[in-house]
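This briefing is meant to be read beside the sequence and the model. The notes are grouped by topic.

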Amino acid sequence: MSSTNTPITVAYGDGIGPEIMDATLRILTAAGARIEPEVIEIGEKVYKSGSKAGIQPSDWESLRRNKVFLKAPITTPQGGGYKSLNVTARTTLGLFANVRPCMAYSPYVETKHPLLDLVIIRENEEDLYTGIEHRQTNQMYQCLKLISRPGCEKIIRYAFEYARAYNRRKVTCLSKDNIMKMTDGLFHRVFDEIAAEYPDIEKEHWIIDIGSALLADEPERFGVIVTLNLYGDIISDIAAQIAGSVGMGGSANVGEQCAMFEAIHGSAPDIAGRGIANPSGLLNGAIMMLVHIGQGDVAAKVHNAWLKTIEDGIHTGDIYQEGVSKERVGTQGFADAIIARLGQTPEHFKTISYAAAPKPIHITSGAETRQEKTLVGVDIFLDWTEGTSQQLGDAISGLENSPLQLKMITNRGVKVYPDGVPETFCTDHWRCRFIGQEGTEGSIDKKSIWQQLALLNEQGFDTIKTENLYAFDGKPGYSLGAGE
């Protein structure tokens, strides 16, 4: 191969993965893609060989060296101990942006929303997907939601830069900051800050629940949607489904150094080996890859040929419609039809052009202003089943020589002491908020926390977790309870 070819790492995956990857690479080769694939093995076989991540340690070097990964779907074995390879790759390689274009292909693919044409840009590294979970009591489990200012800045700025690069005129932020005022609140605030730097782009914010409802009912109103990890995962599948077929969608996972491209569907083991799978999802991911590596000319050639094939009614079984489709084909027959149309352009759909590939989007976090951080209290969590909230509060408040003062007790976030009500349902998981004793100046030291923990343990209380309470420039860096 020519020395100008771009090396890429390729994984054939599991289930239908080998079939659709073979079809995709045949199309790219026929279109003149200037790539040099390096194949690695991932997925179920690697998992079962003892690798909990689904990839051999040595193959990370291929990903880090080539920096471009075209990946077919894989099967993650059921049962505990197996880590999602997608999540591992995203976090290990810093792939902070998941990009999912979603478009309706009416009338050739059935949909109630023929004008749907949007892109969902989902934060990829943070939120609940960090997978930090604990069982703390017999009844209570927790999962930590972690949101950072740099993480928000990167994904939101990427969304606005993407909108500019692809001539999208509106960016919509979705969050739940009416409830999660600190984590989702940060995402919304950073969105407003960065949006002010892009006066040429319309911006709006919706709470995730009404935003999702609008997406399902009026998807035509959206251009680019930017949101947090969990919300983005959910609404991406909603958008793909209402467009007509989850099997048609491709996605990119983009970072500062590396990028991964794939179909959004799974490995579909039930139809593996039958030659009937639709390769469109992976092919659309590969088209995004070609644009990413600066081969927009080839990307446009493949994309237009694919659209022409859809227009001509050459369809795989998942999108075949009597009276609309003209020929039902299998995986390789569909690939052959696309190859036969390379150089042609669609008539019903708009002709695609990637003549000027977008400039690489390099995101760096803005300079952060350091705020004065003051320790003002501590939440100490207890596993306790020996009585009511009033009894627990009275017992703790009555401890002699307590270095800290009990401010309140909550159970599952509901204040139950002081002034609790008997109707509140309580579990065995209690949050006890301590602050400095009356007469102090509002700050405490860590020694007093250790002393409070020691005193509680001496009295037989099972302390399971602590969260220090800090003020930043005098403002609470923690959620407040009633009356605080």
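What follows covers the domains, one helix, the salt bridges and one loop residue.

The model is predicted. Its protein chain is divided into domain 1 (6-340) and domain 2 (373-476). By the salt-bridge rule, the count comes to 27 salt bridges, with zero of them found across the interface of domain 1 and domain 2.

**Domains and their interface**

- The centres of domain 1 and domain 2, taken over C-alpha atoms, are separated by 44 Å.
- Seven residues from domain 1 and seven residues from domain 2 take part in the contact.
- Between them, domain 1 and domain 2 bury about 650 Å², and 52% of that area lies on carbon and sulfur atoms.
- On the domain 1 side, Q136, T137 and M140 supply 65% of the area buried against domain 2; no other three residues supply more.
- Five residue pairs are in polar contact between domain 1 and domain 2, counting pairs with both residues at pLDDT 80 or more.

**Helix 6**

- Helix 6 spans residues 183-195 and has 13 residues.
- From the first C-alpha to the last, helix 6 reaches 19 Å, close to the 18 Å expected at 1.5 Å a residue.
- The buried residues in helix 6 are D184, G185, L186, F187, H188, V190, F191, I194 and A195.
- Helical cover over these buried residues includes helix 5 (149-165) and helix 8 (229-243).
- Strands are also part of that cover, including strand 8 (170-175), strand 9 (202-207) and strand 10 (224-227).

**Salt bridges between distant parts of the chain**

- Side chains of opposite charge can pair when their charged atoms come close.
- D233 and R122 meet through their side chains in a salt bridge, at 3.6 Å from N to O.
- This pair joins helix 8, which holds D233, to strand 5 (residues 117-123), which holds R122; the two residues are 111 residues apart.
- R122 counts as buried because its relative accessibility is 1%, under the 20% cut-off.
- D233 has 22% relative accessibility, so this residue counts as partly exposed.
- K145 and D127 form a salt bridge at 3.0 Å, N to O.
- K145 sits in the loop between strand 7 (141-143) and helix 5, and D127 in the loop between strand 5 and strand 6 (133-135), 18 residues apart.
- D127 has a relative accessible area of 0% and is therefore buried.
- K170 and E204 are joined by a salt bridge at 3.5 Å, N to O.
- K170 belongs to strand 8 and E204 to strand 9, with their positions 34 residues apart in the count along the chain.
- K170 counts as buried at 14% relative accessibility, and E204 is buried with a relative accessible area of 14%.
- K71, R90 and E262 are linked in a network of salt bridges.

**Q56 in its loop**

- Q56 is placed in the loop between helix 2 (44-48) and helix 3 (60-66).
- With a relative accessible area of 32%, Q56 is partly exposed.
- Setting aside neighbours within four places in sequence, Q56 is in contact with V46 and S49.
- Q56 and V46 are 10 residues apart along the chain, and 7.0 Å separate their C-alpha atoms.

Key:
Residues are numbered from 1 along each chain as its sequence is written. This is a predicted model: local features need pLDDT of at least 70, side-chain atom pairs count only at pLDDT 80 or more; totals for chains, interfaces and linings use all residues. Side-chain values use heavy atoms; hydrogens and water are left out. Helices (H or I, at least four residues) and strands (E, at least two) are DSSP runs, numbered from the N terminus. The expected span of a helix is 1.5 Å times one less than its number of residues. Buried means under 20% relative accessible area, exposed over 50%, partly exposed in between (1.4 Å probe, protein chains only). Contact means heavy atoms within 4.5 Å. Domain bounds come from an automatic or database domain assignment. Buried area is the accessible area (1.4 Å probe) that two parts lose on being put together, summed over both. A salt bridge is a side-chain nitrogen of Lys or Arg within 4 Å of a carboxyl oxygen of Asp or Glu. A polar contact is a pair of N or O atoms within 3.5 Å; within protein, one must be able to donate a hydrogen and the other to accept it, and residues adjacent in sequence count only if both atoms are side-chain atoms.
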